[in-house]
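Student: I would like to learn how to read a fold, a sheet, a residue and a pocket from a model. Could we take them in turn?

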Amino acid sequence: MSKNNSTTDNTIALNRKASHDYSFEASYEAGIAFMGWELKSIRQGRVNLKESYILIKQGEAWIIGMHISPLSTASTHVNADPTRTRRLLLNKSELNKLIGATQRDGYTVIIRSLY
């Protein structure tokens, strides 16, 4: 069986409210800078995107309000902050487009899905 024929959905979390409240004009794919415990929690589906949004400040994009529940088996020397601000990893041209849209046109940047 070919690997191309397999259809797997790698979506971990969806922001269903976003499609109801907003209309989308553009879509970007970005990485997120996580800590180790956060990645383990995300793989178990313990993430909520409901009230999260993206803030652009000082030429970087930051996720505000994304809640990642810490695991009970997480290391005890780590102070887990479930709603800490996380940095988005975008290239310079994508950041410039987002900066221009949010400042000039009054657009809002939100997270639709996490996979």
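Tutor: What follows goes from the overall fold to the sheet, then to one residue in it, and ends with a pocket. Keep in mind that this is a predicted model.

Student: How many helices and strands does the protein have, and what pattern do they follow along the sequence?

Tutor: There are 3 helices and 8 strands. Read along the sequence, they give the pattern β-α-β-α-β-β-β-β-β-α-β. Of the 115 residues in the protein, 25% are buried. Among contacts between residues at least 6 apart in sequence, 71% join residues at least 24 apart.

Student: Next, the sheet. What is the order of the strands in the open sheet of 4 strands?

Tutor: The general idea is that strands of a sheet pair through backbone hydrogen bonds, in a parallel or an antiparallel sense. Here the order is β2-β7-β5-β4, with antiparallel pairing. β2 and β4 are the edge strands; each has a single partner strand, so one side of each is left without a neighbour in the sheet.

Student: How many bridges join β4 and β5, and how many join β5 and β7?

Tutor: β4, residues 53-57, pairs with β5 over 5 bridges in the antiparallel sense. In that pair, Leu55 stands opposite Trp62 of β5. The two strands form a hairpin with 2 residues between them, and Gln58 in the turn has a positive phi of about 55 degrees. β5 and β7 are also antiparallel, over 2 bridges, with Ile63 opposite Arg86 of β7.

Student: Which residues of β5 lie on its covered face, and which on its uncovered one?

Tutor: β5 spans residues 60-64. Ala61 and Ile63 make up the covered face, while Glu60, Trp62 and Ile64 make up the uncovered one.

Student: Let us take one residue of the sheet. Is Arg86 buried or exposed?

Tutor: The test is relative accessible area, and buried means under 20%. Arg86 has a value of 0%, so it is buried. Arg86 belongs to strand β7, residues 86-89.

Student: What does the side chain of Arg86 reach, and which residues is Arg86 in contact with?

Tutor: The side chain of Arg86 reaches the backbone oxygen of Arg84 at 2.8 Å. Leaving aside neighbours within four places in sequence, the contacts of Arg86 are Ile32, Ala33, Phe34, Glu38, Ala61, Trp62, Ile63, Met66, Ile68 and Asp81. Ala61 and Ile63 in that list are the covered residues of β5.

Student: Where is Met35 found, and what is its relative accessible area?

Tutor: Met35 is in the loop between β2 and α2, the latter being residues 36-43. Its relative accessible area is 41%, so Met35 counts as partly exposed. The C-alpha atoms of Met35 and Arg86 are separated by 9.5 Å, with the two residues 51 apart along the chain.

Student: Last, the pocket. What is the volume of the largest pocket, and which residues are closest to its centre?

Tutor: In general, rolling a probe the size of a water molecule over the atoms shows where empty space is left. The largest pocket has a volume of about 870 Å³. It is lined by 29 residues, of which Ala26, Ser27, Tyr28, Val109 and Ile110 are the closest to its centre. β2 (31-32), α3 (92-105) and β8 (113-114) are the elements that give two or more residues to this lining. The largest share, 4 residues, comes from α3.

Student: How do the residues of that lining divide by character?

Tutor: The lining of the largest pocket has 19 nonpolar, 5 polar and 5 charged residues.

Definitions and conventions: Residues are numbered from 1 along each chain as its sequence is written. This is a predicted model: local features need pLDDT of at least 70, side-chain atom pairs count only at pLDDT 80 or more; totals for chains, interfaces and linings use all residues. Side-chain values use heavy atoms; hydrogens and water are left out. On a 1 Å grid over the protein atoms alone, a cavity is a set of points where a 1.4 Å probe fits but cannot get out, and a pocket is an open set with protein on both sides within 12 Å along at least five of seven lines; lining residues have an atom within 4 Å of a point. Grid points are joined across faces, edges and corners, and a volume is the space filled by probe spheres set on the points. Ala, Val, Leu, Ile, Met, Phe, Trp, Tyr, Cys and Pro count as nonpolar, Asp, Glu, Lys and Arg as charged, and the others, Gly among them, as polar. Buried means under 20% relative accessible area, exposed over 50%, partly exposed in between (1.4 Å probe, protein chains only). A polar contact is a pair of N or O atoms within 3.5 Å; within protein, one must be able to donate a hydrogen and the other to accept it, and residues adjacent in sequence count only if both atoms are side-chain atoms. Contact means heavy atoms within 4.5 Å. Two strands pair if DSSP finds at least two bridges between them.
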